[in-house]
Amino acid sequence: MAHLSKFSFLSLLRHGAGKAWSRQWRDAQPKAAYDVIIVGAGGHGLATAYYLAAEHGVRNVAVLDKGWLGGGNTGRNTTIIRSNYLRPESAALYEHALKLWEDLSQTLNYNVMYSPRGVLKLAHTRHEVQVEKRHVYANRLQGIDNEWLTPAEAAAFCPALDVSERSRHPILGAALQRRGGVARHDAVAWAYARAASAYGVDIIQNCAVTGMVRDETGAVTGVETTRGPIGAVRVGVAAAGHTSVVMAMAGVRMPLESFPLQALVSEPVKPVLPCVVMSNNVHAYVSQSDKGELVIGGGTDAYTSYSQAGGLYVSCETLAAILEMFPSFRRLRMLRNWGGIVDTTPDRSPIIGMTPVTGLYVNCGWGTGGFKATPGSGQVFAATIARGEPHPLAAPFSLDRFAAGRLIDEAAAAAVAH
Amino acid sequence: MLLIPCPWCGPRPEHEFRYGGAAHRAPPEDASAVDDAAWGDYLYSRDNPKGRHAERWRHLHGCGRFFNCIRDTVSDRIAGTYKPGEAPPL
């Protein structure tokens, strides 16, 4: 990272004294060809480019985006990080990502504001208690922190909770992953972009992929874009909600459906929530940003759509659910609500790896929970592209599992039922 | 919220309906004759188009019947609905 000015206490002093900050990444123009093209400059795509350059010496890389970097789901999610998944394959993958989160700011020399403040998942029914305890025990066997709290312990950890029996949805207990938490989503995209750019990766914004270039054997040899054709030895698609559209350009039909997932933030208030609170039964999740805004999410819209808005009534239902849990929030005004397009798979697990087309790789299907996986996803996808074979953690998440029937059913591990 | 024209009951709010996924998906004629890839494709793959989408809806809290719908997945505008067995509108 030779020509990159490092963030340090000294550089902060120097810039505080009036020295202007330099650009954090180059606004690159497309070259004729690259070793690897990544389609999609969100967190996953930028992380992939970074790890290709940093860990595999593949630096002749371009990341293309139809908009601006981090402008899709990376900047639209509710920034929750956790690894308390049920299945061994997914627990291993998400735990790998969580371990990378723990020192990501140091690795990238950029403050991604990872805050392991704890993720509390409430249980309101006997059935939910059984399911959550099953998760706790499974996670312990996998070496992942997750513990069961009684209602009193949950209230001690998160005083805003109403654990009285007269509450509309009584809290019978909660599963707590203390290492879970939140991070600054934009900073994650910026950090990876800056570090990748310093290695020579070209980040090309406002450059939509419009087609795949293929040779006589059918192998991908580049992409058509709104800024002309660009050659590539390998193409990795990390296009989230638009993966089906991009893959269709190569004639590959994906086991994906794209749904709007909405989120909201309230006006900023004094600290009231020390952790992330999730409730599958009431059907919403909430945390408080460092600015003081409540960050609120719920379920996806009911029907497939590429409109980054979604139905207003879905957000209203989410708010109603939040108020069932926290009646004291009812006078808060909401500042913004928005939608992102999430690509969901039939088994609610991602797809990472090779495709039937030579030279074409795909990383998609993260559905409603991709942000938490960003570092791990990028690292295993980079290894898969660099080596031309699946990274061991990515191997179970191959596209051909839908032909083989080896599905990884993680529907039970989602924050809310979608 | 969508205003969905049920072919039997007329326009009704989306709350009365349940989305039924992509329409016109027929299983392979002889399931035992196709390979795993073709069977997996039938079970799990979807066109998931950005634009015109043929989909099923059920008027769950109304007449209870299934029907088909053509909707644009970018604007969410409904071009028309039609009964099972009928041809989709242009």
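User: In this predicted model, how many bridges join S1(A) to strand S11 of chain A?
Analyst: Strand S1 covers residues 33–39 of chain A, and S11 covers residues 230–237. The two run parallel. In S11(A), Gly231(A) is the bridge partner of Ala33(A). The number of bridges joining S1(A) to S11(A) is six.

User: Which residue of S2(A) stands opposite Ile38(A)?
Analyst: S1(A) is also joined to strand S2, residues 61–64 of chain A, by four bridges. These strands run parallel. Opposite Ile38(A) in S2(A) stands Val63(A).

User: What is the handedness of the β-α-β unit that S1(A), helix H2 and S2(A) make?
Analyst: Helix H2 spans residues 43–56 of chain A and is part of the unit together with S1(A) and S2(A). Of the seven residues in S1(A), five are buried. The β-α-β unit is right-handed.

User: Is Arg59(A) buried or exposed, or partly exposed?
Analyst: Arg59(A) sits in the loop between H2 and S2 of chain A. Setting aside neighbours within four places in sequence, its contacts are Ala53(A), Tyr199(A), Gly200(A) and Val201(A). Buried means under 20% relative accessible area and exposed means over 50%. Because its relative accessible area is 41%, Arg59(A) is partly exposed.

User: What distance separates the C-alpha atoms of Arg59(A) and Tyr34(A)?
Analyst: Along the chain, Arg59(A) and Tyr34(A) are 25 residues apart. Their C-alpha atoms are separated by 9.0 Å.
The distance asked for is 9.0 Å.

User: Which residue in the hairpin of S9(A) and S10(A) takes a positive phi?
Analyst: S9 (residues 209–214) and S10 (residues 220–225) of chain A pair in the antiparallel sense over five bridges. Arg214(A) stands opposite Val220(A) in S10(A). The hairpin has five residues between the strands, and a positive phi near 100° is taken by Gly218(A).

User: Where do Lys99(A) and Glu95(A), which meet in a salt bridge, both lie?
Analyst: The side chains of this pair meet at 3.9 Å, N to O. Glu95(A) is buried, with a relative accessible area of 7%. The two residues are four apart, about one turn of the helix. Both lie in helix H3 (residues 88–102) of chain A.

User: Why does the pair Arg179(A) and Glu102(A) tie together parts that are apart in sequence, and how many residues apart are they?
Analyst: The two side chains meet in a salt bridge of 3.0 Å, N to O. Arg179(A) lies in the loop between strands S6 and S7 of chain A and Glu102(A) in helix H3 of chain A, so the parts tied together are apart in sequence by 77 residues.
Both residues belong to a network of salt bridges whose members include Asp145(A). The separation asked for is 77 residues.

User: Which residue of chain B forms a salt bridge with Arg253(A)?
Analyst: The closest N and O atoms of the pair are 2.7 Å apart. The pair crosses between chains, from the loop between H8 and S12 of chain A to the loop between H1 and S4 of chain B. Arg253(A) is partly exposed at 34% relative accessible area, while its partner is exposed at 54%. That partner is Asp47(B).

User: What accessible area do the residues of the nonpolar surface patch have together?
Analyst: The patch is formed by Phe9(A), Leu10(A), Leu12(A), Leu13(A) and Trp21(A). Leu12(A) has its place in helix H1, residues 9–16 of chain A. Together the patch residues have about 590 Å².

How values were computed
Residues numbered from 1 in each chain as written. Chains lettered and ligands numbered in written order. Predicted model: local features only at pLDDT ≥ 70, side-chain atom pairs only at ≥ 80, totals over all residues. Heavy atoms only, no water. Buried < 20%, exposed > 50% of the residue type's maximum accessible area, 1.4 Å probe, protein only. Pairing = 2+ DSSP bridges. Right-handed = clockwise from strand over helix to strand, strands pointing away. Patch = residues over 30% accessible without salt bridge, like charges linked within 9 Å, V, L, I, M, F, W, Y side chains within 5 Å. Areas by Shrake-Rupley, 256 points an atom, 1.4 Å probe, with all protein chains shown as cover. Salt bridge = Lys/Arg side-chain N within 4 Å of Asp/Glu carboxyl O. Contact = heavy atoms within 4.5 Å.
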